[in-house]
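Colleague: Pick one part of this model and give me a close look at how it is put together, please. I'd like one connected walk-through rather than a list.

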Amino acid sequence: MTIDILDLITEKGGNPETVKESQRKRGESVELVDEVIEMYQAWVKSKSLQLFEWGAHGMGFDLNQLNKQTNALQKEIGAKKKAKEDASELLGQKEGLDAQITAAKKSVAEAETAMRTKCANIGNIVGPKVPVSQTEDDNAVVRTWHPDGPNRQVEQKKDILAHHEVMLRLDMIDMERGQKIAGHRGYFLINDGVDLNQALINYGLDFLRKREYKRIQPPFFMRKDAMAKTAQLSQFDEELYKVTGDEDDKYLIATSEQPISAYHSDEWFESPEKQLPIKYCGYSTCFRKEAGSHGKDTWGIFRVHQFEKVEQFCITDPEKSWEMFDHMVANSEEFYQSLGLAYRLVAIVSGALNLAAAQKYDLEAWFPFQGAYKELVSSSNCTDYQARRLEVRCGLKKQGETRKVYVHMLNGTMTATERSLCCLVENWQTPEVQQVHHKSGFVLLTDYWMIFKGLTIPPVLRPYMQGREFLPWVKELPKGLQKKKQ
């Protein structure tokens, strides 16, 4: 992933001040821009003039001149051999020139690699609507939604159970045995936990299929060279699990965005007006170390190392990516509205954006027991930042254009199902008493009011739950289970 180096070079039509201002907004190094510019200038110079040291003196060699000398020598050698004369001296000279050219080309290539590696640490240009701040306390609320109407306010409820307690009473998870087998944050989904998780997956897939998304299930691991083109370097240590096998080392995916972004690598959409946009609905199991979240969100299955996710991933013409961003955000909102979950949509501040994102919105749903909004969805427009490293081109070069044009790539969570499940059960648990009509159609005082405690299944999920509407408690909470603030 990288920006266009030519954006830093004034002589090539770039504006380094724009990149520096973006770095300031991110709270990242501005000096890095100047360092890359210096490396670019040295690299360009080295392509035409490569310096070798001989003894105590430096001697410059023009690579073009060296190639001309080599060609001339080759002709002389050919003439000597044709005349059956000794060409050993000329062959020695050519061998020396060949060695110089090889060394010069290697040096130039190393300089380019170093330059591009450093450039990859410069973030994407921050979008014009991104709130500028270094603290997430300044994330801007774009809008809120409540299932009971626009004037209804969210409220904390202490007379209900936390999400992990609901799941325990429904016998949906086994955390104790999960941690015994898999270690920290390990879990088993069991019984209706499996069914409800699958219901969310299948509903998410159907939801996007109806919106003309192509379903895709990617590999769960990637080669290191492929992963390096789509993941930040910091993710390798903080987020990604390494898998060692008979072949080259591989990395487990943290999101289907990673393999899907590389799906069209080294491809060229020559007719974007016909070929784009492409809207993918990715489904995969995901694996994350969560190295930077020790002690955070420790209840239940909200933050775990292995989870399922349905993902939106879209590829567009550069002129249409912001329109697609709005479309993807609207899909996420409609999905959680259909589940009846109150939420707020927030614009993430510049200092919290990952390097690839030009803008990011989070959808944070309300957890009533905890009295807090928590992130369920992240949607990002990465513009051409990913596509450039992956070499996914867009359109034929027009007259007067001097640069390659790349597609824009966007990603957005539809549902990370284990986390969505936490929010769903905390919101849809039933009150102490529920009114139920007797199946016979005759209303008797003794059976009109019936006590039901458990979980009401959201209507949109019932077709995926064998038509069931309600899951009753099946067990008591473990003794000594403590409620604590997350």
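**The sheet, then the pocket**

Modeller: Let's start at strand 3, which runs antiparallel to strand 13 (residues 343-347) and is joined to it by five bridges. This is a predicted model, by the way. One contact you can pick out by eye is Arg143, whose bridge partner in strand 13 is Leu345. As a general point, strands of a sheet pair through backbone hydrogen bonds, either parallel or antiparallel. Zooming out, strands 3 and 13 belong to an open sheet of eight strands with mixed pairing, ordered 3-13-14-15-17-12-11-6. Strand 3 (140-145) and strand 6 (214-216) are its edge strands, so to speak, each pairing on one side only. Ignoring direction, neighbouring strands in this sheet are turned by 25 degrees against each other on average.

Now for the second largest pocket, with a volume of about 720 Å³. It is lined by 30 residues, and Thr2, Ile3, Arg116, Arg388 and Arg389 are the closest to its centre. By type, the lining divides into 15 nonpolar, six polar and nine charged residues. Helices 2, 4, 8, 9 and 13 each supply at least two residues of that lining, and helix 4 gives the most, with four.

Helix 4 (88-119) deserves a moment of its own. Its 32 residues should span 46 Å at 1.5 Å a residue, and the end C-alpha atoms are indeed 46 Å apart, which agrees. Along helix 4, the buried residues include Leu90, Lys94, Leu97 and Gln100, then Ile101, Ala104 and Val108, and further on Met115 and Cys119.

Notes:
Residues are numbered from 1 along each chain as its sequence is written. This is a predicted model: local features need pLDDT of at least 70, side-chain atom pairs count only at pLDDT 80 or more; totals for chains, interfaces and linings use all residues. Side-chain values use heavy atoms; hydrogens and water are left out. On a 1 Å grid over the protein atoms alone, a cavity is a set of points where a 1.4 Å probe fits but cannot get out, and a pocket is an open set with protein on both sides within 12 Å along at least five of seven lines; lining residues have an atom within 4 Å of a point. Grid points are joined across faces, edges and corners, and a volume is the space filled by probe spheres set on the points. Ala, Val, Leu, Ile, Met, Phe, Trp, Tyr, Cys and Pro count as nonpolar, Asp, Glu, Lys and Arg as charged, and the others, Gly among them, as polar. The expected span of a helix is 1.5 Å times one less than its number of residues. Buried means under 20% relative accessible area, exposed over 50%, partly exposed in between (1.4 Å probe, protein chains only). Two strands pair if DSSP finds at least two bridges between them. Axes are lines fitted to C-alpha atoms, for helices over the stretch in contact, and angles run from 0 to 180 degrees between N-to-C directions.
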